Amino acid sequence: MKHSIARWALGAALLAPAAQVLADPPPLPPYQMRAPAPAGNRLSPGRDGKALFENHCGYCHLAAGMGTNLLVKQRLAAGAGPATALLANRDDLTAAYVHAVVRMGKGAMPPQTRVDATDSELDSVAAYLGRGK
Amino acid sequence: MKLVLPPRVGPKAFDAALTAFAGVVGKEWVMAGDADRDAYSDIYAPGPADQWPASAAVAPGSVEEVQAIVRLANQHTIPLWPVSRGKNLGYGTAAPRMAGSVVLDLGRMNRIIDIDARLATCVLEPGVSFFDLYEAVQREKLPLWLSVPGNAWGSVLGNAFEHGIGYTPYGLHARNLCGFEVVLPDGDLVRTGMGAMSGNHAWHLHPMSFGPTFDLAFTQSSLGVVTRAGLWMQPAPAASLELVFDIPNEDDIGWVIDTIAPLKIAGTIDQNVFVPSWLGKMVLKGQRHDFWDKPGAIPEWRVKELLAQYKLGYWQVALRLYGEEPVIRAKADVVRAAMARHLSAPPAEHWWHAGDPMNAMDTTMGVPSAAPLQMSDWVGGRGAHMGFSPVVPATAEHVMGQLKRSRAIIAAHDVDFYASFTIGGRFATNINMLMYDRDKPDQVANMKRLFSALIGETAKAGYGEYRTHLGWMDTVMDTYDFNNHALRRLNEKIKDALDPNGILAPGKQGVWPSAMRDQAKAGRV
């Protein structure tokens, strides 16, 4: 699944260099199911960061999501590979950066409330996305 | 976000109220920090978000907690602004109409209480998102489809409560609601429809009450907090066929409406047919500055060049038929023949059969996605947008009149034109998407003038909006002026009877309880 998503992101990216115009968008991948919310109290630390990321951030940050699509353009403009538009593929994120973006917003991304993601959930997600550091 | 307290509530009293709320939900679910207030503000606000500031938010986890919070709100005279998931993007997000209101965030109440595949219904709490429901159906492999809006990040029920629309046969979302459970402004709990009888089996099946039917009185409403509702779903069809027609010219929208609306009314077409103008396709190809690098609206000659270059029609009709394949084939013959009377080019045709994959963004097949929001990146910046959304009769003369009128007003304000007509049967919903950069004060000021002009001129011509942003709720309610605003006066009488302290969503849709009516001028654009 991950391979096909990366290939899709690459396909979209080849057609979407920044400051140039897209040809017809490539065929879209199928809907990607999010992981179910992991069991347990939403206020307790230590729940599965990957599952929480998919469940709470997957609305926009899985394949063909709004956030992924916008990030393809930003990543290319930054000289990075398009597959890094998927946050799970990033190795340069830090937990602190994830905290800041989630709570303060970035570009078209609104700040997320503590009902969207509790502080404990955000800690787990930030640790998962920041694992490359 | 600066802290604005509710009217006539001092800091000490406010603190006491929040402490009382925390006693019900736990202190973690009372959110009153600076970052919390920012997160509940209108990210796409036309101008500074602090025109509609929440003082805090509280998130109950059960019906009993909602009741307790509502009772405490009365004791402490704290206004509550209920949101289902708070993703009403373009209309105010989670932000309250009245400054200082406490957002009652129902996002934690996200149980899918029941899905009945035989009768194609489900029962939901307000925190259930379109993604949640879609995935629950997929996991159980149930033969049911959703109807989703352009932004499916939000709540299934919340979207229906705000009269949102989708692009399937179940696209008039409020019509799919059946049987509510509601916490009234005094904390009492009522069930509507057949649910008024304890243990009744037809609560979410028969859409009317014994006596007056109140369900829709709790939509776009400040009369109660809906804690669960039934929703009718589309049985999964065996097959589907998409017919895509590119419609070359602006004025062709007249015959398009006169061709499709009768087929929809007669039931040959059962979908809500979405007809977007060309910019709907261009937003997927790049940003505005890729096509036109000057500040004003893209001029006509450049639009013509772009349509030729990218082989786009001025409008596109991507019409979808659903059901058994032989029935679809027969319907498609009727649709093709009707369209061929005006258009020589045949449609592009795409078949789908049960078991075939669906792509991640097919709103006409009920697949939830937030990606259509990408259009908000057209002008860049923070992706601000507002929808001007009048409803018109689905005939050529009304649609053309509306098109020409809004087109001229939008052009006079030097703004790009991006409109769609969604044919719902006897009416069409005309959404004019206005995209702007929130961080450019000139653009914001121009957008506000434009929005007010659109409301005023459209009402003079005899049409009203179905939904609007916080800043224009009063303005739009003012346009419903029959018999000295009799509808508003009725709303106010009911509001005052049910909510004498005015604690529930004061100002929602321009309805002000007497207890808070002195606040009505603020926050009005």
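**Exercise 1.** In this predicted model, determine which residue of β15(B) stands opposite Val244(B), and describe the sheet around β15(B).

*Solution.* Begin with the residue itself: Val244(B) stands opposite Ala348(B), which belongs to β15(B). Next, consider the pairing of the strands, where β12 of chain B, covering residues 239-247, joins β15(B) in the antiparallel sense over six bridges. Then place this pair in its sheet, which is open, has three strands in the order β14-β12-β15 of chain B, and shows antiparallel pairing. Because β14 (315-323) and β15 (348-353) of chain B stand at the edges with a single partner strand each, one side of each is left without a neighbour in the sheet. On average, with direction ignored, neighbouring strands of this sheet are turned by 15 degrees against each other. Finally, add the helix: α10 of chain B, residues 325-340, lies across β12 and β14 of chain B and runs at about 10 degrees to β12(B).

**Exercise 2.** Work out how many residues of chain B are in contact with chain A, and which helix supplies the largest share of that side.

*Solution.* Start with the count, in which 37 residues of chain B are in contact with 31 residues of chain A. Turning to the helices, α2 (34-39) and α4 (130-139) of chain B each supply at least two residues of the side that touches chain A, and the largest share, four residues, comes from α2(B). Sorted by class, this side of chain B has 18 nonpolar, nine polar and ten charged residues.

Conventions: Residues numbered from 1 in each chain as written. Chains lettered and ligands numbered in written order. Predicted model: local features only at pLDDT ≥ 70, side-chain atom pairs only at ≥ 80, totals over all residues. Contact = placed C-beta atoms within 7 Å. Nonpolar A, V, L, I, M, F, W, Y, C, P; charged D, E, K, R; others polar. Pairing = 2+ DSSP bridges. Axes fitted to C-alpha atoms, helices over the stretch in contact; angles between N-to-C directions.
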